[in-house]
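Here is a briefing on one structure. Start with the overall build of a chain, then turn to the packing of single helices.

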Amino acid sequence: MRLDFDSEQPIYIQLAEAMEDDILKGILAEETQVPSTTELSVVLKINPATARKGVNLLVDEGILYKKRGVGMFVARGAQRQIKKKRRAQFYQSFVVPLLAEAQKLNVSTGEVIEMIERGLPDEQD
Amino acid sequence: MSRIELRSLSKRYGQTLALKQVDLTLEGQKIVGLLGRNGAGKTTLLNLLTAKLHPTEGTIAIDGEPVWENDAVLGRVFYMTEANLHPGSLRVREAFQWTAQFYPGFRTAYGEELARRFELDTSKRVKELSTGYSSIFKAILALASGASILLFDEPVLGLDANHREMLYREILANYIEEPKVVIISTHLIDEVADILEEVIIIDKGRVIRHQPVEELLESAYAVSGEASKVDQYIQGRNYLSEERLQNFKSVIVVGGAVDRALAKSLGLEIGRPELQKLFIALTNSNV
């Protein structure tokens, strides 16, 4: 799990997103325990209240769940849920800035589409 | 649960008013940053809080009791000073025993374990320690003291990057294991920003901000872009500093909501300031 401390995002949101990334990559598997807020706080050098806030964000969304007296676990179906959420944000997070940059550089929509098509096979290597 | 209350606190040294009418209440168990430029009054505040100095005016109470000549209250506070207050001929090991006399909650085994981890030789005399090891030695005494209020004045002075990280982590681990009030006075803001829950910013002897870090960061934002457009945006808004590079301008706006539509129509970028940038803007004497 890595945090980018230069990011524009508050740390607790970065922490939640970093945990989501680890779930997507399978580093944190479904139905397995995630690091405690104590571990997160000490290892990432962030205030425990910040760590708790980030973890609670994922608990509220049902991506993590609490087992009383044991700790936090990744919920079943968490991967699918994160994918669904990220897909919904994909247009705003990636397509809008892509088009804005293309416009700045006078790259036409046709050229953008062409580049995407060119990029696709490479991605599948 | 600790409660620290400063009321109308002032301290004068000759002609200089080092602290001016400070009113401050700290409640609950938190890691708090005491931030200020050199000479802003940070150390004076800590010295008053621990009754090393007598205030010119005002009162200081911990858990409702005045601190002056009150050993019972002062026994709950450990103050890691920048200055060396131990007799130089004392060995580190003896300093542990000595501290345990004043702090009955002192955890000798934990202190020794920290000494091992930081590779502090406990048979050395205090005066033989380098600046870095002197800081480590004092920080270990604080961490092991068992006090419910820990005050650190420039705790990482002379420490290398590894030891700084280790110390910040240990402060966190120690706080989580035994929640307490931790006040860290430092000018290395970037380094401590993320471990703090709350900040107190002192400028020229006055407390100009005291709030949760997250709230402070949310109260401000940076606007940048073409200078004339930025000027247009900040009209009627409260802003702090500005950085200008020819036709490019960046300004920190304080208070009020971001007008994203306006920023977009003017082609401006909106960003979140870092604590250090915001601190500089708030304490810059040119504004």
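A residue counts as buried when its relative accessible area is under 20%, and as exposed when that value is over 50%. By that cut-off, 30% of the 125 residues of chain A are buried. The model is predicted. Chain A has a radius of gyration of 18 Å, whereas a compact globule of 125 residues would come near 14 Å.

**Chain A: fold and extent**
- Chain A holds 5 helices and 2 strands.
- Along the sequence, the elements of chain A run α-α-α-β-β-α-α.
- Along the principal axes, the C-alpha atoms of chain A fill a box of roughly 55 × 30 × 25 Å.
- Take the contacts in chain A between residues at least 6 apart in sequence: 55% of them join residues at least 24 apart.

**Chain A: surface and charge**
- The exposed area of chain A is about 8300 Å².
- Carbon and sulfur atoms supply 53% of that area.
- Chain A carries 17 positive and 19 negative side chains.
- The centres of these two sets lie 10 Å apart.

**Chain B: helix H4**
- Helix H4 of chain B spans residues 108-117, and its buried residues are Tyr110(B), Gly111(B), Leu114(B) and Ala115(B).
- These buried residues line one face of H4(B), because they fall within an arc of 140° seen down the helix axis.
- Ala109(B) and Arg116(B) are exposed on the other side of H4(B).
- The cover over the buried residues of H4(B) includes three helices of chain B: H3 (92-102), H5 (131-144) and H6 (161-177).
- Glu119(B) follows H4(B) and has a positive phi, near 55°.

**Chain B: helix H9**
- Helix H9 of chain B covers residues 227-234, with Ala227(B), Val230(B), Tyr233(B) and Ile234(B) as its buried residues.
- These residues sit on the same side of H9(B), because they cover an arc of only 120° around the axis.
- The buried residues of H9(B) pack against three strands of chain B, namely E11 (220-226), E12 (239-245) and E13 (248-254).
- They also pack against helix H10 (260-265) of chain B.
- Gly236(B) follows H9(B), and its phi is positive, near 75°.

**The two helices in brief**
- What covers the buried face of H4(B)? Helices H3, H5 and H6 of chain B are included in that cover.
- Which elements do the buried residues of H9(B) pack against? They pack against strands E11, E12 and E13 and helix H10 of chain B.

Methods: Residues are numbered from 1 along each chain as its sequence is written. Chains are lettered from A and ligands numbered from 1 in the order in which they are written. This is a predicted model: local features need pLDDT of at least 70, side-chain atom pairs count only at pLDDT 80 or more; totals for chains, interfaces and linings use all residues. Side-chain values use heavy atoms; hydrogens and water are left out. Buried means under 20% relative accessible area, exposed over 50%, partly exposed in between (1.4 Å probe, protein chains only). Helices (H or I, at least four residues) and strands (E, at least two) are DSSP runs, numbered from the N terminus. The arc is that of the directions from the helix axis to the C-beta atoms. Contact means heavy atoms within 4.5 Å. The radius of gyration is taken over C-alpha atoms; the globule rule is 2.2 Å times the number of residues to the power 0.38. Accessible areas come from the Shrake-Rupley method with a 1.4 Å probe; for residues, only the protein chains shown count as cover. Lys and Arg count as positive and Asp and Glu as negative; His and the chain ends are not counted. The place of a charge is taken as NZ of Lys, CZ of Arg, CG of Asp or CD of Glu.
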